[in-house]
Every structure is written in structure tokens, then in C-alpha cells.
Amino acid sequence: MLKGRDLFDASLFRDSTSTSVFYTFISQLKQSVDAASPSPTHAFLKTLDTKKKLLRSYTQNIDGFEERAGLLGSSSDDARIATGKGKSKLKTRDVRNVQLHGDIHRVRCTFCSADLPCTEE
């Protein structure tokens, strides 16, 4: 039996059962996020940005709602410049929303560290 905080502990990847529980949870969470909409607060942040009043916002959320509201986020492909060999550099001047914990719309391979869109496949 896992507790909520256990789902975000790297040690769960040591056991195939707990790893499976994690992926099931994340899959269900992503489906919920995809069905939800940004709030009026996200629209307000975009308004501040449009009016050149927003220097930068920071979020611990992984839902990506700030980007869906129109803010360029640190996890966005549009916020990166390719530097070769699969690497990229963040365009920090353009980023208006820093996602401190990444977002649920991107996944990273635990074997090769490839960064990919999170799709149903």
C-alpha cells in the first residue's frame, strides 16, 4: 500500500509493482489534467504578461495550465534552442513561467534520458 508522498519518491522505481502503481496513477492524473481548464488566475497572469507587468511567475504545479493560458513555460519546446546532440538551452529571457517540478505533458526515459511528449502510447 502506497501513500501519496510515496508516489514521488525515487525509491518506488526499485520495485516493479510500485513502479506500475506510479505509472497508473500518473496516467489517470494526466487524463484529469487534460480534461480540466485553466482558472481565471491563469488568465490574470497572462493579462499581466500582455501588459508587460509580469516579470516571471513560478509554479510547483505540473498541470501546464499557465502555458495553456498563453504564458511561455520553462518546459515548453518553444522555450528551448537546440544546441546539438539532443541537448537544448533554455531561452531564459523569454520564459514567463518557471515550472519548478516540470510538467505532466513531458516524460523522460529512465534509461537514456530522452525527453518526449507524454502521449497515450
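**Exercise 1. Lysine 30**

Task: work out whether lysine 30 is buried or exposed in this predicted model.

Solution. Start with the location: lysine 30 sits in helix α1. Next, take its relative accessibility, which comes to 13%. The cut-off for buried is under 20%, so lysine 30 counts as buried. Finally, look at what surrounds the residue. Leaving out residues up to four places away in sequence, lysine 30 touches Ile104, His105 and Cys118.

**Exercise 2. Two cysteines and a disulfide search**

Task: classify cysteine 112 and cysteine 118 by accessibility, then say how many disulfides the whole structure has.

Solution. Cysteine 118 has a relative accessible area of 19%, so this residue is buried. Cysteine 112 comes out at 54%, and therefore counts as exposed. Now for the bond itself. A disulfide is a covalent bond between the sulfur atoms of two cysteines. Searching the whole structure for such pairs turns up zero disulfides.

**Exercise 3. The nonpolar core**

Task: find which residues form the largest nonpolar core, and which element gives the most to it.

Solution. First, the membership: Leu7, Leu12, Phe22, Ile26, Val33, Phe65 and Ile104, seven residues in the core. Second, the contributors: α1 gives the most, with three residues. Third, zoom in on one member. Apart from its neighbours within four places in sequence, valine 33 is in contact with Asp63, Phe65, Arg68, Ile104 and His105. For background, nonpolar side chains tend to be buried together in soluble globular proteins.

**Exercise 4. The largest pocket**

Task: describe the largest pocket by volume, by the residues closest to its centre and by the make-up of its lining.

Solution. Begin with the volume, about 1400 Å³. The lining has 40 residues, and those closest to the centre are Asp103, Ile104, Arg106, Val107 and Arg108. Then go element by element: α1 (16-35), β3 (87-90), β5 (106-108) and β6 (115-117) each give two or more residues to the lining. The largest share is that of α1, at seven residues. Last, sort the lining by chemistry, which gives 16 nonpolar, 11 polar and 13 charged residues.

**Exercise 5. An odd backbone angle**

Task: say what sign the phi of lysine 52 has, and where lysine 52 lies.

Solution. Most residues other than glycine have a negative phi. Lysine 52 is not a glycine, yet its phi is positive, at about 60°. As for location, lysine 52 falls in the loop between α2 (40-50) and β1 (57-59). With a relative accessible area of 76%, lysine 52 is exposed.

**Exercise 6. Valine 98**

Task: place valine 98 in its element, list its contacts and find how far it lies from glutamine 31.

Solution. Valine 98 belongs to strand β4 (residues 97-99). Not counting residues up to four places away in sequence, valine 98 touches Arg56, Ser57, Tyr58, Thr59 and Ser74. Between valine 98 and glutamine 31 there are 23 Å in space, C-alpha to C-alpha, and the two are 67 residues apart in sequence.

**Exercise 7. The whole chain**

Task: sum up the fold as a pattern of elements, then add the overall numbers for the box, burial and contacts.

Solution. Count the elements: three helices and six strands. Read along the sequence, they follow α-α-β-α-β-β-β-β-β. The C-alpha atoms fill a box of roughly 50 × 40 × 25 Å along the principal axes. Of the 121 residues, 26% are buried. Among contacts between residues at least 6 apart in sequence, 52% join residues at least 24 apart.

Key
Residues numbered from 1 in each chain as written. Predicted model: local features only at pLDDT ≥ 70, side-chain atom pairs only at ≥ 80, totals over all residues. Heavy atoms only, no water. Disulfide = S-S within 2.5 Å. Buried < 20%, exposed > 50% of the residue type's maximum accessible area, 1.4 Å probe, protein only. 1 Å grid on protein atoms, 1.4 Å probe; cavity = no way out; pocket = protein on both sides within 12 Å on 5 of 7 lines; lining within 4 Å. Points joined across faces, edges and corners; volume = space filled by probe spheres on them. Helix = DSSP H or I, 4+ residues; strand = E, 2+ residues; numbered from the N terminus. Nonpolar A, V, L, I, M, F, W, Y, C, P; charged D, E, K, R; others polar. Core = buried A, V, L, I, M, F, W, Y, C linked by side-chain atoms within 4.5 Å. Contact = heavy atoms within 4.5 Å.
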